[in-house]
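Subject: Structure handover

Hi,

Here is the structure we talked about. My notes follow below it; please read them with the model open.

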Amino acid sequence: MKSLVVLPILIPLLTAAISSLAWRSRAAQRWLGLVGAAALFAVAIMLVLGVRSHGVQAVQIGGWPAPYGITLVADLFAAIMVFLAGLMGLAVAVYSLAGMDRERERFGYYPLLHVLLTGVCGAFLTGDIFNLYVWFEVMLIASFVLLTLGGERAQLEGAIKYVTLNLISSALFLTGVGILYGVAGTLNMADLHVKLRDVAPGMATTVAMLFLVAFGIKAAVFPLFFWLPASYHTPPVAVSAIFAGLLTKVGVYAMIRVFTLLFVQNPEYTHTIILWISGLTMVTGVLGAMAQHEFRRVLSFHIVSQIGYMVMGLALFGLTASPTLAVLSLAGSVFYIVHHIIVKTNLFLVSGIALRLRGTSELKELGGLASAYPGLAVLFLIPALSLAGLPPLSGFFAKLSLVQAGLGLQQYTIVGVALAVSLLTLFSMMKIWTEAFWKPAPNALGGTDAEARETSQASYYLLLVPVAVLAAITALIGLGVGPLFDLSLGAAEQLHDPSDYLRAVLGGAR
Amino acid sequence: METVLAIVVGGLYASGIYLMLRRSLVKLVIGLVLLSHGANLLIFTIGGLTRAGAPIVAEGETHPAAPFADPLPQALILTAIVISFGVTAFAVVLLQRAYQAVGSDDLDKMKTTDT
C-alpha cells in the first residue's frame, strides 16, 4: 500500500530516464512512452481504490519522522488528482503517436511528457510545502521545453510570457515559503496546520495573500491569467491538451490544499477575496472567449472561465459555518475539477483533429466538418455540451452541486454569475459548432480539402480513440453520477476535517 | 544586520520588478535573476542570523552543542539556487532564440500571439 504512494512519481521518472537512454530510437521512445503512461494509469487506479478503502496514506521518505523529513501523503483528493493525471497522460500519449511530428519526437518529446507527469504527480502527493515548490519547478521546466519544442516564432513569443509569469509566481511562492518557515518554524503541511494556530492571524493572512497570488498566477485566475491565452494555442495540440488538462489544475489543487489546510484563520477576509476572484474569473474568461475566432483561443479562454467555478467551491467553503454546506462546496470543486480536466483535454484533442483535417484552426475558414466527419462532430458535441453544463452530462452535476452550495449559503450573486456564465459558455460552444462543424465548407478551401491533408485513415482513427474514450467517460459520469459524487464528497470531508490527514502524517500523538 | 538585509532584499525585489517592466528582453531576464536572489536572501534572513556553531552532533551526544545555526534555510536556498540556475539558463537560451526569430529584443514587437 505504501509503495503505491511513491510509484506515481517513480514510474514517469523512470520512463523519462529510460526513454532518454533510447534517444536515437524513435520507435522505442514511442513504446516506452505508451507503456509508462499505461503503468501510471494502472497505479493511479490502485491508489484511488486503496485510499478509498484504507484511508489517508503517508510515506516518510528516508524514514525521517514527520516534521523533519519529507512526507508524501495521498488523501482522497490527491489520489483523484493523480488518477486524472494518469488518465490524461495515457490519452495524450496515445494521441501523440499519430498527432506528434517526427521532429519533435526526435528531440525528446516523450521523455519530457513524462518529466511533466512526474512533476504533476509529485505536486499532488507531497505533504511538504517546500517540496511542493520543487515539484512545481520540475513541472515548469518540462512545460517550458514542451512549449518551445519546435522553435516556431509564435511558440517563442508565447513562451516568453509563459516563462516570465511562471517564474514571478515561483519567486512569490518561494518568498511565501520562506516567511512561513520564519513564522512557524516548519515546512510540513500537517505540522504547519498545527503550528499556524499559534501564529498571529495578521501574519498568517499576509503569507496567505502571497500564496494566493503565486498559485493564482499558476491557476490563471483573474487578473493574473493573461499568460494563458497568449501561449496555450501556440504548441502542438497534444501539448496544449495536456497543459489545458493538468497544469492550471495543479495551481487550483495547491490553492485548495493551502486554503483548506493552512490558511483557515481568517476566512471572512481570505475566502471573500477568493469569492470575488472566482466570479470575476468566470466572467472575464467567458467574455474573452466570445471575442475570439480561433478554435484553440476560444478554448483557452474557457479554461480561465472554468477555473472560476473550481475556485468558487473553495470560497464558499470558507464562508460557511455549517459543515454540511462546507463539505458540499468542496465536493463541488473536486467534482468540477474531475469533469473539467476530462472535458477540456478532450476539446483540445478534437481541435487538433480539426486542424489536422483542414489545416487551419480559424473558425471562419473551417466548416462542413459535421457532414464530412459525423463521428467527430458527435465527439465534439458531447464534451462541448458538458462544458456548458447541459444535463445529463458531467458538467451539469458539477455545476448543480456548486449552485446548491451557493444557494444554501445565500450567496445569490455568485450563483447568478455562475448560471449566466454557463449560458455564455453554451453560446460560445455553439459558435464553434456552427462555424466549424455545421456551416458548409467555405468554397475557397475546396481545393486544399480535396488534397485530403495527407491524413491516412489509420492515423485518423488512432487520433479518434482517446477522444472517444474521454467523451464516453464524460457521458458515463453523467449517467452514473452517484459513485463519483460520493468519491468527491469523501475527498471533501477529508479536506474539511483534516484530522485523518494529520494522524496519517504526524502519527497518533497529536 | 537584519535591518540591512531587509533593505537589501526590498531593493532586489524592487529593482527586479522595475527591470521586468522594461521592454528589453535582456532586462527581463536580469530582473528575473534579481527577483530569485531577493527570495533567497529573504529566506536566509528570516531563518535567523545568529553567530553560532555548525549543527553537527558530536560523538556520544544526541543533540548538537547549544548555540547552533539552523541548517534548513541554507538547504532551502541551495535547492532554490540550483533550480534558478537551471531556469535562468533556459531563459537565456529562449531569449536568444526569440531574438533570432523576431529580429528585435523589444517585447512590444512580440505581441502576435496576444489576444
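Start just after H2 of chain A: Gly55 of chain A (A:Gly55) takes a positive phi of about 85 degrees there. The helix before that glycine, H2, covers residues 26-54. Its 29 residues should span 42 Å at 1.5 Å a residue, and the end C-alpha atoms are 41 Å apart, so the two figures agree. Please keep in mind that this is a predicted model.

The two chains

Chain A has 22 helices and two strands. Its C-alpha atoms fill a box of roughly 70 × 55 × 40 Å along the principal axes. A compact globule of 510 residues would have a radius of gyration near 24 Å; chain A has 22 Å, which agrees. Of its 510 residues, 65% count as buried. Take the contacts in chain A between residues at least 6 apart in sequence: 83% of them join residues at least 24 apart. The accessible surface comes to about 16,600 Å², and 68% of that belongs to carbon and sulfur atoms.

Chain B has three helices and zero strands. From the N terminus on, its elements run α-α-α. The globule rule does not fit here: 115 residues would give a radius of gyration near 13 Å, but chain B has 20 Å. Its C-alpha box is roughly 65 × 30 × 20 Å along the principal axes. Buried residues make up 37% of the chain B total of 115. Of the chain B contacts with a separation of 6 or more, 55% are between residues 24 or more positions apart. The accessible surface of chain B is about 6,800 Å², with 67% from carbon and sulfur atoms.

The core

Which residues touch the most other members of the largest nonpolar core? They are A:Ile129 and A:Phe437, in a core of 229 residues. Helix H14 of chain A (residues 323-358) gives the largest share of this core, 21 residues.

A:Ile129 is worth a click. Leave aside its neighbours within four places in sequence. A:Ile129 is then in contact with A:Phe173, A:Val177, A:Leu187, A:Met189, A:Leu192, A:Phe211, A:Val258 and A:Leu262. Two of those contacts, A:Phe173 and A:Phe211, also belong to one aromatic cluster. The other cluster members are A:Phe130, A:Tyr133, A:Phe136, A:Phe215, A:Phe259 and A:Phe263.

Aromatic pairs

A search of the whole structure finds 29 aromatic pairs over all chains. One of them is A:Phe295 with A:Phe380, which is edge-to-face: 6.0 Å centre to centre, with 85 degrees between the planes. This pair links distant parts of the chain, 85 residues apart. A:Phe295 sits in helix H13 (residues 295-318) of chain A, and A:Phe380 in helix H16 (residues 374-388) of chain A. A:Phe295 is buried, at 0% relative accessible area. A:Phe380 is buried too, at 0%.

A:Tyr309 and A:Tyr336 form a stacked pair: 5.1 Å centre to centre, 5 degrees between the planes. A:Tyr309 lies in H13 of chain A and A:Tyr336 in H14 of chain A, so the pair ties together parts that are 27 residues apart in sequence. A:Tyr309 has 1% relative accessibility and counts as buried. A:Tyr336 is buried as well, at 0%.

Backbone points to check

Most residues other than glycine have a negative phi, and most peptide bonds are trans. Some places in chain A depart from that.

A cis peptide bond joins A:Phe222 and A:Pro223, with omega about -5 degrees. A:Pro223 lies in the loop between helix H9 (201-219) and helix H10 (227-231) of chain A. A:Ala220 is found in the loop between H9 and H10 too. Phi of A:Ala220 is near 60 degrees, a positive value in a residue other than glycine. A:Ala220 counts as buried, at 0% relative accessibility.

The peptide bond from A:Pro391 to A:Pro392 is also cis, with omega near 0 degrees. A:Pro392 is in the loop between H16 and helix H17 (394-408) of chain A.

Is A:Gln410 buried or exposed? It is exposed, with a relative accessible area of 57%. A:Gln410 has a positive phi of about 60 degrees although it is not a glycine. Look for A:Gln410 in the loop between H17 and helix H18 (412-438) of chain A.

Best wishes

Technical notes:
Residues numbered from 1 in each chain as written. Chains lettered and ligands numbered in written order. Predicted model: local features only at pLDDT ≥ 70, side-chain atom pairs only at ≥ 80, totals over all residues. Heavy atoms only, no water. Helix = DSSP H or I, 4+ residues; strand = E, 2+ residues; numbered from the N terminus. Expected span 1.5 Å × (residues − 1). Core = buried A, V, L, I, M, F, W, Y, C linked by side-chain atoms within 4.5 Å. Buried < 20%, exposed > 50% of the residue type's maximum accessible area, 1.4 Å probe, protein only. Contact = heavy atoms within 4.5 Å. Rg over C-alpha atoms; globule rule 2.2 N^0.38 Å. Areas by Shrake-Rupley, 256 points an atom, 1.4 Å probe, with all protein chains shown as cover. Phe/Tyr/Trp six-rings, centres within 6.5 Å; stacked < 30°, edge-to-face > 60°.
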